[in-house]
Protein chains: 2
Amino acid sequence: MNKIRCAILGCGNVGSALVSQLIVGHDDIVKRTGVDIEIAGIAVRDVAKHRDAKHGYIDGSLFTDDPFALVNDSSVDIVVELIGGTDPASQLIDRAIETGKSVVSANKELLARRGSDLVSAAASAGVELLYEAAVAGAIPVVRLLAESLAAEQLYRVSGIVNGTTNFVLSAMSEEGVDYHEALEEAQRLGLAESNPSADVDGYDAAAKAAILAGIAYRCDVRLDDVAREGITRVRAEDVQYARQLGYIIKLLVVTELNQKSRPNVSENQASQAPTAPQVSQAPTVPQAPAASTVPQVSVRVYPAMVPVSHPLASVRGAHNAVFIEGERCGEIMLYGQGAGGVPTASAVMGDLVDAAAKRLAGHQPYASMVPAREPVPRAYVIPPSELRCAWYINMDVRDQPGVLAAVAHVFGDNGVSIRSMEQVGMGSEARLIFVTHEAREGDIDKTLEELHGLGAVENIGGILRVFGESKTR
Amino acid sequence: MNKIRCAILGCGNVGSALVSQLIVGHDDIVKRTGVDIEIAGIAVRDVAKHRDAKHGYIDGSLFTDDPFALVNDSSVDIVVELIGGTDPASQLIDRAIETGKSVVSANKELLARRGSDLVSAAASAGVELLYEAAVAGAIPVVRLLAESLAAEQLYRVSGIVNGTTNFVLSAMSEEGVDYHEALEEAQRLGLAESNPSADVDGYDAAAKAAILAGIAYRCDVRLDDVAREGITRVRAEDVQYARQLGYIIKLLVVTELNQKSRPNVSENQASQAPTAPQVSQAPTVPQAPAASTVPQVSVRVYPAMVPVSHPLASVRGAHNAVFIEGERCGEIMLYGQGAGGVPTASAVMGDLVDAAAKRLAGHQPYASMVPAREPVPRAYVIPPSELRCAWYINMDVRDQPGVLAAVAHVFGDNGVSIRSMEQVGMGSEARLIFVTHEAREGDIDKTLEELHGLGAVENIGGILRVFGESKTR
């Protein structure tokens, strides 16, 4: 019979939803997919706790508090790692691969830190390593990028991959509440932790950004490569000004592949012979390698102004979406539930059935989620100061003659050109809302620094990037 | 070396985009995917025409007008069928499978007519049959349904899969033009054929609906099973009334799996012992088989009122989207370019690389696009008269006392309850706009028939279904 034995490590929200489906839905899965998956054991921290009535349909003897023993069990075919974090998940996955087991993991943090190593190890051992559930919950974006779009030259993969922050920003936009009220509502609804930092400071999104960029551009991108900015500084008034200007503020992950089109980085390189002495034109810019040998990428998380007409703008509440732009496929968006035990378990189940079917067919993995035919090149991550986009800048100034001229001068001196300016409020203070044309981030930083030094500028309150066209086309 | 030889049948928009990518992008594809795909030949109707300058990068000797010779060539590994239609595409694919070649096809019509046969034949022969490009162009919905969601119990798969009609309806909604003006604009832009019937009468969408339903519910659904209604009767005024009521009119494919939750069809069955004498309660209703043995599905194409808050409502212009609802994955939407040579070729390329990689790895197909471990059951297609949804009905009546009561009486007598009614226009004629609660389609038909018989009803102009919650949850 087509029986596959799987070890499940971790039995929290996702794990218990998976176990429930494997047991209660067992016959359905056999009927639909032709594979018969049997649970070899479930590793938990506290066996006694899990043997209570809550999991009445589970044979209590399946629980163990020794995950290593389970991983070492030679009758196990597939290890499903749902513990999260790096230790002991990292050692457990290493051990599973060493002992020839296929691995399914939902561990975004570990994959963002060690994904490339793990993929190489799995490829060498001839086992599958699948991790659909590590990014965007139930949305099958990993398989889409790795398989359907394997031959596609992708330019930019961006998206909303953290449901908590999208809920908070949606509430601020739709109900006019401020950040703290919206966060409290999310906490009441169980959408945000009592310590919300992983979500609101962008750590969760950053891990997913690293994974997405690695798959999209076939390179090694790590959590530490991700430039990260959270939503704690987004003010209710910026949300309202954004709406008036035709934008919605979203916490985005934005990963982009640099081709030859970004003059500050790669064209200078391309025009120099590789062996010529390298004279860096701006001393602060690290020398980028030639784009043809090492993928040059930018990988960032930041709150951005998204035009209301863009498909990402309509992603509301706790939903997630990933927006893919490629040379031939054009624009593709995937939308769905990004979190929750049951939807995330659905993604784990898809991987588990795939790994099981391949194991039954005796397949060597031919295309793991990142192709591992040769060592995946370490990405060159472009410094944020070199990247270009349009900016929203909102400042309070003294309402006196000559202020606008002085402010405009600072923009112009730093090579930043202004697309629109609007003054709101009157009296001794006025608020100026600027949207710039695309500008180098380093130039924006200098502009802001000089503006802070102008006596007439009281306060620079809102500074947000505008999500625009992909720069690489 | 990892060389795979492919025969390309057809060199129109999609074929020439594919050939161009295979030749011009050859080294890129090798680098990205590790497979080296070589063109064994390109079958076209008129060899001379294709040898002109337009395809200057193609070795002219690759063209042939004998597709069967190409398919019979024993050096060919994969046949890519881009001819369309049933003859000779059908015979060519049969022959390719018989001679052990993997097949990639974008032929929606053939797959909607013979998909289940072809899948069985390919499974028996141990070759791949992949057809991502047959549904929704560049959007990888086929692989998502077949692989990522293999273990998922899906309830409903619906969507906008015809870009021409979506462009026409978007123009009617956004620019206020009527159907004929919008169609002419689409024709001017090359988005509609001079004979637009395949698009506007819903034939194209119907083929895609049959394919989607077959994959989603793992059963044999054929083009003839699809209840089809086009957009030619959608009037500018209905588009405007829809907007006022909070809806956008879209041509939808709606495929649904019936569980035990539809009283008119399956619960009656479930409550009867299988061997009991079957007394059909309504003589016009064919006896449905038990849902547990044969999948009971509905598969339809119709213009529908979609609530503006629904993700499908925001799909504008020639874009496509597929909206998937499942037990555990929740709601997933895929959005992208549904047509065009280059995006469609991108989907073909994804399949071609996949088939090539599997062939190089010596894999027997373990999960073709429809699992073929056992014969796929023929679906029982629920008669439309048995299906339930809410309706929009717009009628002109004589503005005289008692008319509304008479009309309301007809609704009530037929078991149709009214959710909202609005009167527009005054004077000797008035227009009544009804939205009903969910009602059996057979009851709506009877209601309309009786309303036509009422002297006070001058004309029933707009009749549209309202896209609602999935009925199977």
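This passage describes the fold of each chain, the domains of chain A and the interface between chains A and B. The structure is a predicted model.

Chain A contains 16 helices and 18 strands. Of its 473 residues, 54% count as buried. Contacts in chain A reach far along the sequence. Among those between residues at least 6 apart, 77% join residues at least 24 apart.

Chain A divides into three parts in the domain assignment. Domain 1 covers 3–143 together with 341–360. Domain 2 spans 154–338, and domain 3 spans 387–466. Domain 1 is thus built from two segments of chain A, and domain 2 lies between those segments in sequence.

Domains 1 and 2 of chain A touch each other. On one side, 16 residues of domain 1 take part, and on the other, 17 residues of domain 2. Two elements give two or more residues each to the domain 1 side: helix 6 (108–125) and helix 7 (141–148) of chain A. Helix 6 gives the most, with 7 residues. By class, the domain 1 side has 10 nonpolar, 3 polar and 3 charged residues.

In chain B, 6 strands form an open sheet. The strand order is 3-2-1-4-5-6, and the pairing is parallel. Strand 3 (63–64) and strand 6 (129–130) of chain B each have a single partner strand, so they stand at the edges with one side lacking a neighbour in the sheet. Within the sheet, strand 1 (residues 3–9) and strand 4 (residues 78–81) of chain B run parallel and are joined by 4 bridges. Here B:I8 stands opposite B:V80 of strand 4.

B:V80 also stands out in the packing. The largest nonpolar core holds 314 residues, and A:V80 and B:V80 touch the most other members. Beyond its neighbours within four places in sequence, B:V80 is in contact with B:C6, B:A7, B:I8, B:L9, B:L18, B:V104, B:V348 and B:L352. B:I8 is therefore both a contact of B:V80 and the residue opposite B:V80 in the strand pairing. In soluble globular proteins, nonpolar side chains tend to be buried together.

Chains A and B meet through 49 residues of chain A and 49 residues of chain B. On the chain A side, helix 2 (26–33), helix 7, strand 12 (330–337) and helix 14 (341–360) each supply at least two residues. Helix 14 of chain A makes the largest share, 10 residues. The chain A side comprises 24 nonpolar, 13 polar and 12 charged residues. Helix 7 of chain A thus contributes to the contact with chain B as well as to the domain 1 side that touches domain 2.

Strand pairing also crosses the interface. Strand 12 of chain A and strand 12 (residues 330–337) of chain B run antiparallel, joined by 5 bridges. A:L334 stands opposite B:L334.

The two chains superpose with an RMSD of 0.0 Å after a rotation of 180 degrees, with 0.0 Å of shift along the axis. The copies are thus related as by a two-fold rotation axis. A:L334 comes closest to this axis among the residues of chain A, with its C-alpha at 2.3 Å. The residue that comes closest to the axis is therefore one that faces its own counterpart across the strand pair. In addition, 100% of the interface residues of chain A are also interface residues in chain B, so the copies meet through the same surface.

Terms used
Residues numbered from 1 in each chain as written. Chains lettered and ligands numbered in written order. Predicted model: local features only at pLDDT ≥ 70, side-chain atom pairs only at ≥ 80, totals over all residues. Domains from an automatic or database assignment. Contact = placed C-beta atoms within 7 Å. Nonpolar A, V, L, I, M, F, W, Y, C, P; charged D, E, K, R; others polar. Core = buried A, V, L, I, M, F, W, Y, C linked by C-beta atoms within 7 Å. Buried ≥ 20, exposed ≤ 12 C-beta atoms within 10 Å, placed from the backbone. Pairing = 2+ DSSP bridges. Least-squares fit on C-alpha atoms with pLDDT ≥ 70 in both.
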